[in-house]
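Hello,

Here is the structure we talked about passing on. Please open it first, then read the notes below.

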Amino acid sequence: MPEHRSTLLRLLDERGYIHQATDIAALDALAEREVVSGYIGFDATAPSLHVGSLVQIMMLRRLQQAGHKPVVLMGGGTSKIGDPSFKDEARKLLGDEQIAANVAGIRRVFERLLHFGDGPSDAMLLDNAEWLDRLEYIPFLREIGQHFSVNRMLSFDSVRLRLDREQSLSFLEFNYMILQGYDFLELNRRAGVRLQLGGSDQWGNIVNGIELTRRVAGAEVFGVTTPLLTTADGRKMGKTESGAVWLNADGPEGYRLSPYDYWQFWRNTGDGDVGRFLRLFTDLPLEEVARLEALPGAEINAAKEVLATEATALLHGREAAAAAAATARQTFMAGGAGADLPRLEVTGEIGILAALTGLGFSASNGEAKRKIAEGAVRVDDRPVSDPALTVPVTGEVKVSLGKKKHGLLVSA
């Protein structure tokens, strides 16, 4: 691939964000001569996004860093259907109130990582419910439906996967790709958006939107996707034994993660992923990234701490990142119980299974029992072998899962 002339594509390429692109030479020329508005859509299916969405969010940040305009599209409309791409079954249908609450929770992440305003490269946030909720069915079919081939839609991997497995794909879900393509057309009309970004699983939907916008509006528009993000050992990025790594530190139970646990997630990065994650998820200069990923032997742990601190600082602030790092040092080096550890208030006593699930160390009692059977659970550094154990709580009691997960039971 020839060297890119625009700051935008050089930045995206050097930091590892580009997987596929449509007419990349024309996009490069456009980005060199004018400000490009680019968008990514995020459906509001939960009160928080998780770390699996972070590479796309960081791509919008890079867009702004290169002097271009990021557009965050909230899927207030498409969330009422749910993206069927590579899903085994239909998503649970959400009501308007739940979607609105989810949008409010998700929005806070973007406010930390992007600068919003009225300037040429300031970010803007739109919601596709604004136009999708107002569509009239027959006029929409006549204007937009004629541009979509069912034969081609059936050939997309995301659809064929469900059909090959003989799993139901409702007509409601089948419409999702048409509505996503229509989003690009509407954003081009309303805000002059020329670029759609997304994960590699969205390639078919992005191409649909590009072709629709070119046919209907006569606009030259582009698409870029990021690589599927897996760890060096082949696991999907962002999944842990305890579930999703949420980006919000507050919000409903089960959809939040403390800055300490977020820091710890990055600190647990495998040796082979450190350099790539530093490029994708921090703002460190590439020269410093190269120095850190080349550290020999056990010294690579210092690079992991830098990754954890920088990634946490971007999302939760420098103060929270420093507190998380200090807690980790106190807990792991001095054998203490840092103030930033996850806490669970207890009145009197609590069963060990309830303690493990309440601290977020296990998703169910069954999983907690398995961890106890494996010898991975300790209370105040003493091994636990009995899943029926009741823990009396006066003051603070430290609960540990393995060597790296620690929490406190605190008397109410």
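**Where domain 1 meets domain 2**

The rule finds 2 salt bridges across the interface of domain 1 and domain 2. Bear in mind that this is a predicted model.

One salt bridge to look at joins Arg61 and Asp283. Their closest N and O atoms lie 2.6 Å apart. Polar contacts also cross this interface: 11 residue pairs, with both residues at pLDDT 80 or more.

Which elements give two or more residues to the side of domain 1 that touches domain 2? They are helix H3 (54-65) and helix H4 (96-113). H3 gives the most, with 6 residues. By type, the residues on this side of domain 1 split into 7 nonpolar, 2 polar and 5 charged.

**Domain layout and buried area**

The domain assignment divides the chain into three parts:

- domain 1 covers 7-228
- domain 2 covers 259-335
- domain 3 covers 343-411

Taken over C-alpha atoms, the centres of domain 1 and domain 2 are 30 Å apart. In the contact, domain 1 supplies 14 residues and domain 2 supplies 13.

About 1,200 Å² is buried between domain 1 and domain 2. Carbon and sulfur atoms give 58% of that area. Which residues of domain 1 lose the most area to domain 2? Arg15, Val51 and Arg112 do. Together they make up 43% of what the domain 1 side buries.

**The chain as a whole**

There are 18 helices and 15 strands in the chain. The radius of gyration is 23 Å, and the globule rule gives 22 Å for 412 residues. The two values are close, so the chain is as compact as a globular protein of that length. Along the principal axes, the C-alpha atoms fill a box of roughly 70 × 50 × 40 Å.

**Salt bridges over the whole model**

Side chains of opposite charge can pair when their charged atoms come close. Here the rule counts 22 salt bridges.

Asp133 and Lys80 form one of them, at 2.9 Å from N to O. This pair links distant parts of the chain, 53 residues apart. Asp133 sits in the loop between helix H5 (129-132) and helix H6 (137-143). Lys80 sits in the loop between strand E3 (69-75) and H4.

If you want a place to begin, go to the Arg61 and Asp283 salt bridge. Then step along H3, with its 6 residues on the side of domain 1 that touches domain 2.

Best wishes

Note on methods
Residues numbered from 1 in each chain as written. Heavy atoms only, no water. Domains from an automatic or database assignment. Contact = heavy atoms within 4.5 Å. Buried area = accessible area lost by both parts, 1.4 Å probe. Salt bridge = Lys/Arg side-chain N within 4 Å of Asp/Glu carboxyl O. Polar contact = N/O pair within 3.5 Å; in protein donor to acceptor, adjacent residues only side chain to side chain. Helix = DSSP H or I, 4+ residues; strand = E, 2+ residues; numbered from the N terminus. Nonpolar A, V, L, I, M, F, W, Y, C, P; charged D, E, K, R; others polar. Rg over C-alpha atoms; globule rule 2.2 N^0.38 Å.
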